[in-house]
Amino acid sequence: MYPLASLAQIEKTPSREDGLPQDLEEDLRAYGCKLIHQAGILLRQKQVAVATAQILFQRFWYVTSMKQFGVGDIGMECPLRMRDLINVYDLLLQRATHPPGTPFKYAPMSYFGSTFYDLKDTLVVSEMQILKRLGFNVHVVLPYGTLVNYLRLLGLMSREDVCTKAWGYLNDALQTPVYALYQVPSIVSAAILLTIRHLGISLPSTPPNCWWDLFDAAWEDIWSICGYIMRLYRMRSPEEQTRVVGMASKKEVRKWLDTHALTGGSERTVVQP
C-alpha cells in the first residue's frame with residue numbers, strides 16, 4: 001500500500017484554495033512532469049528514477065499550493081550533483097521561453113553570480129519541504145511489472161503493438177495526478193482499456209464477465225483515469241501554452257493570482273490600488 005490523496009484534498013487542492021483554476025493546475029502539473037522527463041533524459045537517468053520523481057511531484061501538490069513553490073523548483077529534486085541539475089533545468093526553461101521559429105543557443109549562467117546560488121538555495125529548501133510535507137513517506141509503486149502480468153493473463157503479451165501502446169499510456173499518465181489518486185491495478189486496467197479500444201481488440205466486457213474484474217478494478221475508477229489521460233491530448237491554444245510555460249515559478253503564479261480571480265467559474269480582473 002502507498003499513500004493516496006484524501007477526498008478533501010481531491011475536492012479542493014491547496015492551489016485551488018488559493019484561486020488557481022483546476023484546468024490550469026492540471027496543465028502546470030503536466031508541464032512540471034514534462035520538465036522532469038526531459039531532465040531525466042539529458043541527465044541519463046533510469047526510467048524508474050524519473051517515474052518515481054514524477055509521482056512524488058504529483059503527490060506534493062495535494063499538500064502544498066503552487067503559490068508557495070514553483071513547479072520548476074520542486075521538479076529539480078534528484079540524487080545528482082547540484083550543478084548538473086541546475087544547468088539542465090536552466091537549459092530547459094530557457095528553451096521553453098525562447099521565441100519559436102528562431103535558432104536557440106543556450107547561454108550558461110555564471111557560477112559566480114547570484115542566480116546560481118539562488119537556485120542552489122531553492123533546490124535545498126525544496127528537497128527539505130518535499131520530505132517534510134509528505135511526512136517522509138516517499139514510497140512509490142510503479143505499474144510496469146503489473147502491466148506485464150495483466151497482459152500475460154489476458155493473452156496479449158505476444159502483441160508488440162499492445163505492449164508498446166499500453167506502456168506509453170502508463171508513461172503519459174505520469175503527467176496526471178492519477179498515481180496519487182488510484183491504486184496501480186486500476187491505472188494499469190485503464191491503460192489496457194485505452195489500448196484495446198484504440199487497436200480494436202475485443203475482450204469480455206459484459207457483466208458479470210468483465211475482464212477488469214480479474215484485477216479487482218472498479219469500472220468507475222478506470223473510466224475516470226481514462227479521462228485524466230485523454231485530457232492530456234486536448235488541443236491547447238498558443239496563449240494557453242505560453243501561459244503555462246511562463247508560470248513555472250511561484251513568482252509568476254502569484255502574479256497571475258493577483259490579477260485574476262474566479263467568481264462562479266468566470267474570470268475577472270482585480271484592479272490593484
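Buried means under 20% relative accessible area, while exposed means over 50% and partly exposed lies in between. Keep that cut-off at hand for these exercises on a predicted model.

**Exercise 1.** Work out whether Asp 27 is buried or exposed, and which residue pairs with Asp 27 in a salt bridge.

*Solution.* Start with accessibility: Asp 27 has a relative accessibility of 5%, so Asp 27 counts as buried. Next, look for the partner: Arg 234 forms a salt bridge with Asp 27, with the closest N and O atoms 3.2 Å apart. Now place the two residues: Asp 27 sits in helix α3 and Arg 234 in the loop between α11 (219–231) and α12 (238–245), so the pair ties together parts that are 207 residues apart in sequence. Finally, check the partner: at 31% relative accessibility, Arg 234 is partly exposed.

**Exercise 2.** Find which residues are linked with Glu 25 in a network of salt bridges.

*Solution.* Begin with one pair: Glu 25 and Arg 29 meet through their side chains in a salt bridge of 3.3 Å, N to O. Both residues lie in helix α3 (residues 22–42), 4 residues apart, which is about one turn of the helix. Then extend the picture: the network links Arg 16, Glu 25 and Arg 29. As for accessibility, Glu 25 is buried at 1%, and Arg 29 is buried at 2%.

**Exercise 3.** Explain why Cys 226 forms no disulfide.

*Solution.* First, take the whole structure: a search finds 0 disulfides. Then go to the sulfur of Cys 226: the closest cysteine sulfur, in Cys 210, is 14 Å away, which is too far for a bond. A disulfide would need the sulfur atoms within 2.5 Å.

Terms used. Residues numbered from 1 in each chain as written. Predicted model: local features only at pLDDT ≥ 70, side-chain atom pairs only at ≥ 80, totals over all residues. Heavy atoms only, no water. Salt bridge = Lys/Arg side-chain N within 4 Å of Asp/Glu carboxyl O. Buried < 20%, exposed > 50% of the residue type's maximum accessible area, 1.4 Å probe, protein only.
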